[in-house]
Amino acid sequence: PVLDTEDAWVSVEGPVSIVELALEQKRIHYPLVEHQFVLCTVLYAIMRFSLKSVKPLSLFDSKGKNAFFKDLTSIQLLPSGDMDPNVLSIRQQFLLKVVSAAVQTLCSSQRDKEVSEEELFPFEKGKNWPTLAADLAQYLQISEDLVRRHYVCELYSYGMDHLGEE
C-alpha cells in the first residue's frame with residue numbers, strides 16, 4: 001500500500017512508526033494459521049471435557065504434523081483432499097466424543113442443579129460445543145450431518161427431547 005504523508009512529517013526524527021514496521025513484516029500463510037487453529041480447538045476440547053486416550057496429533061497426517069512446526073510466513077504443503085481412511089475414522093470418533101461429552105456435561109449439571117448453559121460454561125459464553133464440533137468437521141473432512149445426527153441422538157438419549165426436536 002502507498003502511504004501519503006505530509007511534508008511536515010517527512011523531516012521528523014525518531015523511532016520508526018508502527019505502520020512502517022507492520023508493512024515490513026512478512027505476510028502470513030492463512031491456511032497454515034487455520035491449521036494451527038484446528039489444533040488449538042482440538043486441544044481445548046480435550047482439556048475442557050477431560051477426554052482420555054485421545055492423541056491430538058493422530059488426527060493429522062504426516063503433512064499436517066510437519067506443518068505445525070513451520071514458520072507461519074512459510075508456504076507449506078497442507079493435507080490434500082485425499083485422506084487415509086484410518087485418520088478419517090479417528091477424526092470422526094474424536095468429534096463424536098466431543099459432542100457426547102458436551103451433552104453429558106450439560107445434561108448432568110442441569111439435572112443436578114437446574115443450571116443454564118451460560119452458568120455451566122461461564123468463560124465460554126456463546127460457545128455451543130456441538131455446533132463448534134460440526135464446524136470443526138468441515139476442516140477435518142468429516143460430514144457435518146453425521147455430527148449433527150449424533151448430537152440429536154445424544155439429546156434424545158439424555159431425555160432432552162425438546163432440544164432434540166429443535
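## Exercises on a predicted helical model

Q141 is partly exposed, having a relative accessible area of 35%. The model used in these exercises is predicted.

**Exercise 1.** Determine where Q141 lies and what is notable about its phi.

*Solution.*
Step 1. Place the residue: Q141 sits in the loop that links α7 and α8.
Step 2. Read the backbone angle: phi of Q141 is positive, about 60°, and Q141 is not a glycine.
Step 3. Assign the exposure class. Partly exposed covers the range between under 20% (buried) and over 50% (exposed). Q141, at 35%, is therefore partly exposed.

**Exercise 2.** Carry out the analysis for S50: give its loop, its phi and its exposure class.

*Solution.*
Step 1. S50 belongs to the loop between α3 (30-48) and α4 (62-67).
Step 2. Its phi is near 50°, which is positive in a residue other than glycine.
Step 3. The relative accessibility of S50 is 45%, so S50 counts as partly exposed.

**Exercise 3.** Describe how the helices on either side of the Q141 loop are arranged.

*Solution.*
Step 1. Identify the helices: α7 spans residues 129-139 and α8 spans residues 144-157.
Step 2. Take the geometry: the two pack at an angle of about 160°, and their axes are 8 Å apart.
Step 3. Classify the angle. Angles over 145 degrees count as roughly antiparallel, so α7 and α8 are roughly antiparallel to each other.
Step 4. Add the handedness: the crossing of α7 past α8 is right-handed.

**Exercise 4.** List the residues through which α7 and α8 meet, and sort the contact by class.

*Solution.*
Step 1. On the α7 side, the residues are P130, A133, A134, A137 and Q138.
Step 2. On the α8 side, they are E144, V147, R148 and Y151.
Step 3. By class, this contact has six nonpolar residues, one polar residue and two charged residues.

**Exercise 5.** Summarise the protein chain as a whole, from its secondary structure to its surface.

*Solution.*
Step 1. Count the elements: the protein chain has nine helices and zero strands. Along the sequence the pattern reads α-α-α-α-α-α-α-α-α.
Step 2. Look at the range of the contacts. Of those with a separation of 6 or more, 68% are between residues 24 or more positions apart.
Step 3. Take the burial: 31% of the 166 residues in the protein chain are buried.
Step 4. Finish with the surface. The accessible surface of the protein chain is about 11300 Å², and carbon and sulfur atoms account for 55% of that area.

Conventions. Residues are numbered from 1 along each chain as its sequence is written. This is a predicted model: local features need pLDDT of at least 70, side-chain atom pairs count only at pLDDT 80 or more; totals for chains, interfaces and linings use all residues. Side-chain values use heavy atoms; hydrogens and water are left out. Axes are lines fitted to C-alpha atoms, for helices over the stretch in contact, and angles run from 0 to 180 degrees between N-to-C directions. Helices (H or I, at least four residues) and strands (E, at least two) are DSSP runs, numbered from the N terminus. Angles under 35 degrees count as roughly parallel, over 145 as roughly antiparallel, 65 to 115 as roughly perpendicular and the rest as oblique. A crossing is left-handed if the near helix is turned anticlockwise from the far one by less than a right angle, and right-handed if clockwise. Contact means heavy atoms within 4.5 Å. Ala, Val, Leu, Ile, Met, Phe, Trp, Tyr, Cys and Pro count as nonpolar, Asp, Glu, Lys and Arg as charged, and the others, Gly among them, as polar. Buried means under 20% relative accessible area, exposed over 50%, partly exposed in between (1.4 Å probe, protein chains only). Accessible areas come from the Shrake-Rupley method with a 1.4 Å probe; for residues, only the protein chains shown count as cover.
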